[in-house]
Amino acid sequence: MDCENGTDIVEFVLLGFSAQPKEQPLLFLIFLLMYGAGLLGNIMMIILISLDARLQTPMYFLLRSLSVVDVGFLSVTVPQMLAHIISSSKTIPFYCCMAQFFFFCVFGVTDLLIVSVMALDRYVAICNPLHYTTVMNQKVCGHLVAGCWIVSTLHSMLHASLLLRLSYRGDNHLFHYFCDHQPLLQLSCSDTSVNEALIFFEGSVVLLGPCVLIFLTYVRIVVAVMKLSSGRRKAFSTCGSHLTMVTLFYGAIIAAYFLPTSSYSSHRGAVFAVVYTVITPMSNPYIYSLRNKDVKEALWGLLGKRVFFQQ
């Protein structure tokens, strides 16, 4: 790119996945269905947990918090992607791009942290059931969720402010469907060593720290479950599905961010981004909540009431 003679960039062009016109309708349909399924599942969980008295427990408080975050996480990137797929204009103003990056980080990091708090909640419930009501009550969960939001906001402000100090001139084409970290660093004319160092060191603490906590927690849960005389199959099924989602989420994030900018591949980055920005938040309510007996009963109870009143 021509950084010496180029003018300052005032907007970016998001190139998305494919420039082939024949592929655009299929891409639009796939992501529209995924976005709709994600909104439906998460909003349904928020409504059910808010209305049903049986679901007023710390575990469901955390699940509702996760659904709130997932609605935001999906909505910060997917609607714009859908608009760009069907539109000839694929531009986004510079400061809108930075704002999108900021909110993407806020929702993404909050999602990671709340999942780690949920793992801690399950650990206390299974390994220390007698102390569960004192250790994990609504007040404690409220403080933990508030802490997740504070940490993610500070993390996002730090990285967004460091991106804003960089210079962008000449080429304004981002080979991505939203304003992500690595494509923006790759496009910059400035030295990005500080940004990359921060991703590895501060990012490792904020992102990989909860990952280690989750896996250690589930190891302790598995050990505790092995000592049970009954209910092992159900417990392993639940833990297995949860660990699958965590592995998908963290695996995609590590592959996308914890590699040097010089070795970054835009195509690979966009594919991994779909996993953690679309597939995971879409799947969370179905994996964590809608397989649960209490949630199913609450859902059928709510649907039954609607049918009764309509009659």
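How many bridges join E1 to E3, and do the two strands run parallel or antiparallel? Two bridges join them, and the strands run parallel. The views below start from the whole chain of this predicted model and then move in on selected places.

**Figure 1. The whole chain combines eleven helices with three strands.**
Welcome to the overview. Following the sequence from its start, you meet the elements in the pattern β-α-α-α-β-α-α-α-β-α-α-α-α-α. The chain has 311 residues, and 48% of them count as buried. Among contacts with a separation of 6 or more, 82% link residues that are 24 or more positions apart. The accessible surface amounts to about 15100 Å², and carbon and sulfur atoms make up 68% of that area.

**Figure 2. Three strands line up as an open sheet in the order E2-E1-E3.**
The pairing in this sheet is mixed. In general, strands of a sheet pair through backbone hydrogen bonds, either parallel or antiparallel. Here, E1 (residues 11-14) meets E2 in the antiparallel sense, over three bridges. On its other pairing, E1 runs parallel to E3, with two bridges between them. Why is one side of E2 and of E3 left without a neighbour in the sheet? Strand E2 (91-93) and strand E3 (173-174) stand at the edges and have a single partner strand each, so one side of each has no neighbour there.

**Figure 3. A closer look at E1 shows which residues stand opposite one another.**
Start with the pairing to E2: glutamate 11 is found opposite proline 93, and phenylalanine 12 is found opposite isoleucine 92. Now turn to E3, where histidine 173 is the residue opposite valine 13.

**Figure 4. Helix H4 lies across the three strands of the sheet.**
H4 covers residues 94-127 and lies across E1, E2 and E3. Its direction makes an angle of about 85 degrees with that of E2. One residue to find in H4 is threonine 110. Is threonine 110 buried or exposed? Threonine 110 is buried, since its relative accessible area is 0%. Setting aside neighbours within four places in sequence, threonine 110 is in contact with Val69, Cys148, Trp149 and Ser152.

**Figure 5. Helix H2 is mostly covered.**
H2 takes in residues 58-75, which makes 18 residues. From its first C-alpha to its last, H2 reaches 26 Å, close to the 26 Å expected at 1.5 Å a residue. Of the 18 residues in H2, 14 are buried.

**Figure 6. Helix H6 packs its buried residues against several other helices.**
H6 runs over residues 138-164 and has 27 residues. The distance from its first C-alpha to its last is 39 Å, close to the 39 Å expected at 1.5 Å a residue. Which residues of H6 are buried? They are Cys141, Val145, Cys148, Ser152, His155, Ser156, His159, Ala160, Leu162 and Leu163. An α-helix has 3.6 residues a turn, so residues three or four places apart point the same way. The buried residues of H6 pack against H2, H4, helix H7 (181-187) and H8. Cys148 and Ser152 may look familiar: both are in contact with threonine 110.

**Figure 7. Leucine 208 sits in helix H8 and touches residues further along the chain and back.**
Helix H8 spans residues 193-226. Leucine 208 has a relative accessible area of 26%, so it counts as partly exposed. Not counting residues up to four places away in sequence, leucine 208 touches Gly203, Ile254 and Phe258. Look also for leucine 112: although leucine 208 and leucine 112 are 96 residues apart along the chain, their C-alpha atoms are separated by 9.4 Å.

**Figure 8. Two salt bridges are found in the structure.**
Side chains of opposite charge can pair when their charged atoms come close. One salt bridge joins aspartate 52 and arginine 54, whose closest N and O atoms are 2.9 Å apart. Aspartate 52 has 15% relative accessibility, so it counts as buried, whereas arginine 54, at 47%, counts as partly exposed. Arginine 122 and aspartate 121 also meet in a salt bridge, with 2.9 Å from N to O. Arginine 122 counts as partly exposed at 22% relative accessibility, while aspartate 121 is buried, with a relative accessible area of 1%.

Definitions and conventions
Residues numbered from 1 in each chain as written. Predicted model: local features only at pLDDT ≥ 70, side-chain atom pairs only at ≥ 80, totals over all residues. Heavy atoms only, no water. Pairing = 2+ DSSP bridges. Helix = DSSP H or I, 4+ residues; strand = E, 2+ residues; numbered from the N terminus. Contact = heavy atoms within 4.5 Å. Axes fitted to C-alpha atoms, helices over the stretch in contact; angles between N-to-C directions. Salt bridge = Lys/Arg side-chain N within 4 Å of Asp/Glu carboxyl O. Buried < 20%, exposed > 50% of the residue type's maximum accessible area, 1.4 Å probe, protein only. Areas by Shrake-Rupley, 256 points an atom, 1.4 Å probe, with all protein chains shown as cover. Expected span 1.5 Å × (residues − 1).
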